[in-house]
Amino acid sequence: ACLDQIKKAESTIHAYVTIDREGALKKAEEVQKKIDEGKLTGPLAGVPVAIKDNMCIAGMRTTCSSKILDNFIPTYTAEAVKNLEEAGAVILGKTNMDEFAMGSTTETSAYGVTRNPWDPEHVPGGSSGGSCAAVAAGECFYALGSDTGGSIRQPSSFCGVTGIKPTYGTVSRYGLIAYGSSLDQIGPVGKDVTDCATILEVIASHDKKDSTSLDRTDCDFTSALVKDVKDMKIGIPRDYLGEGLDPEVKEAVLAAAKVLEEAGAVVEKFDLSLVDYAIPAYYTIAAAEASSNLERFDGVKYGYRAKEYEGLHNMYKKSRSEGFGPEVKRRIMLGSFVLSSGYYDAYYLKALRTKALIKQAFDKAFATYDVILGPAAPTTAPKLGESLGDPLKMYLGDIYTISCNLAGLPGMTVPCGIDSKGLPIGVQLLGDCFQEKKIIRAAYTYE
Ligand code: GLN
């Protein structure tokens, strides 16, 4: 049924970069056999999934939506995907994204744009736009995305689906093509809170192959699927409701807070300091890490190599010039600049200090509140082409999502309404580190 829906929807939506029809059908048969024999019993056995194209799968083309990895076929599988495979998941293919996960609209992909299933004139958000659009269009039952600064939560909001970015270190990054390693986390995108909690429980694991992987014993996320918030205190940062927020988004988010209040939670507004500094700190740190992570794409070991060149340095230069798109080049240049001697202290170090202060501000907030509630994005999905010409404006759209990554917190988006243009709105719930269960419980109660 998913493959049929892909056939129907893909010509308009283009959620996938690679569709593995034969592989999926073969795997489905194998899994069915194991289910019949009672060897596979988990909730994900036989359920079709789509994987964002920055996660390696052995033998399946993995492009990161970049020309530079056009011909890349990994020899190993990302740990999160391996966990799904062991649970009997059927992988349908790889979803489109912003090139190297840099962007908020899925328009910077080298393989064409993905369109929003609610209205194809609009973007699906990004960078996990393909994953979220595929779920929204019924082209899979759930998907994996990655979130460095909002890339699961913002497109979930734009596509009317549910997505979780777990506490940093909960899901292994092994096999996830790195963007900003200190911020990157893999998470589920699904149709509802139950699906997301179930998937997260399967993909979370301690992995020695990722040095930042956590050994958690509290990953029984489905135990939090309880409709009860009577013991909860929920804070809404005033700073998340101010200038730049679309009035319709504000109204829907406050209505969601009201539902939780009526269910017994205490809901209050409070001042979360340093919100204005999150964007400059994030773009400095993310670009710095990206400039270092993307050094490996040099045309030597794998990936695209320029056809004509004179000598080694010229080969590097031409391969990278031809292989990377403009947004990736912008970030490599910005990142190299903020890390260069003479500017390191003024920009990179200052950004790290700001990151530490942002974490402190959240620590203070979570001493009072169980959950922080707010919008996932200032607006609903913009029209195609609207954001590309003005990168600064696009960066500003990440205001509500990026602090969560800087502080390593878990966050999730749940649909909370539809605007007058017929586009979905999402409410974002943030929790303290390791407190996924609180946000899952609040989201489940709301839903
Ligand atoms: N929009 C942000 C960026 O472009 C976040 C991307 C992400 O989370 N991967 O960096």
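How do the residues of the shell around the ligand divide into nonpolar, polar and charged? The shell comprises 4 nonpolar, 7 polar and 2 charged residues. In this classification Ala, Val, Leu, Ile, Met, Phe, Trp, Tyr, Cys and Pro count as nonpolar, Asp, Glu, Lys and Arg as charged, and the others, Gly among them, as polar. Of the 13 residues around the ligand, those that come nearest are A101, S104, T148, G149 and S151. A residue is taken as near a molecule or strand if its C-beta atom, placed from the backbone, lies within 6 Å of it.

**Basis of the model**

The structure is a predicted model, in which local features need pLDDT of at least 70 and side-chain atom pairs count only at pLDDT 80 or more, while totals for chains, interfaces and linings use all residues. Residues are numbered from 1 along each chain as its sequence is written. The protein chain has a mean pLDDT of 97, and 100% of its residues reach 70 or more; pLDDT is the predictor's confidence in each residue, from 0 to 100. For the complex, the predictor gives an ipTM of 0.98 and a pTM of 0.98.

**Overall architecture**

The protein chain has 14 helices and 11 strands. Its radius of gyration is 21 Å, close to the 22 Å that the globule rule gives for 447 residues, so the protein chain is as compact as a globular protein of that length. The radius is taken over C-alpha atoms, and the globule rule is 2.2 Å times the number of residues to the power 0.38. Helices (H or I, at least four residues) and strands (E, at least two) are DSSP runs, numbered from the N terminus. Along the principal axes, the C-alpha atoms of the protein chain fill a box of roughly 70 × 65 × 45 Å.

Buried residues make up 55% of the 447 residues in the protein chain. A residue is buried if 20 or more other C-beta atoms lie within 10 Å of its own, exposed if 12 or fewer, and partly exposed in between, with C-beta atoms placed from the backbone. Among contacts in the protein chain between residues at least 6 apart in sequence, 75% join residues at least 24 apart; a contact requires C-beta atoms, placed from the backbone, to lie within 7 Å.

**Strand β5 and helix α6**

Strand β5 covers residues 162-165. T162 and I164 point one way from β5, G163 and K165 point the other way, and all are buried. In a regular strand the side chains alternate between the two faces of the sheet.

Two strands pair if DSSP finds at least two bridges between them. β5 is joined by 2 bridges to strand β6 (residues 185-190), and the two run antiparallel. Here G163 stands opposite V189 in β6. β5 also pairs with strand β10 (residues 411-418), over 3 bridges and in the antiparallel sense. In β10, M412 is the bridge partner of I164.

Helix α6 (residues 193-203) has 10 of its 11 residues buried, so α6 is largely enclosed by the rest of the structure. Among the buried residues of α6 are V193, D195, E201 and I203. The packing partners of these buried residues include β5, β6 and β10, together with β4, α3 (79-86) and α14 (436-446).

**Individual residues**

Several residues are set out below by location and by number of C-beta neighbours within 10 Å.

| Residue | Location | C-beta neighbours within 10 Å | Class |
|---|---|---|---|
| H14 | loop between α1 (2-13) and β1 (16-19) | 22 | buried |
| C64 | loop between β2 (48-52) and α3 | 31 | buried |
| G138 | loop between α4 (129-136) and β4 (142-147) | 16 | partly exposed |
| Y348 | helix α11 (residues 344-368) | 20 | buried |

Two of these residues have backbone angles to note. H14 is not a glycine, although its phi is positive at about 50°. C64, also a residue other than glycine, has a positive phi near 60°. A cis peptide bond, with omega about 5°, joins G126 and S127; S127 lies in the loop between β3 (90-95) and α4.

The other two take part in approaches between separate parts of the sequence. G138 and L3 are 135 residues apart in sequence, yet their C-alpha atoms are 9.7 Å apart. Y348 and A287 are 61 residues apart in sequence and 9.8 Å apart in space, C-alpha to C-alpha. Leaving aside neighbours within four places in sequence, Y348 is in contact with T284, A288, V338 and L339.

Technical notes. Two residues are in contact if their C-beta atoms, placed from the backbone, lie within 7 Å.
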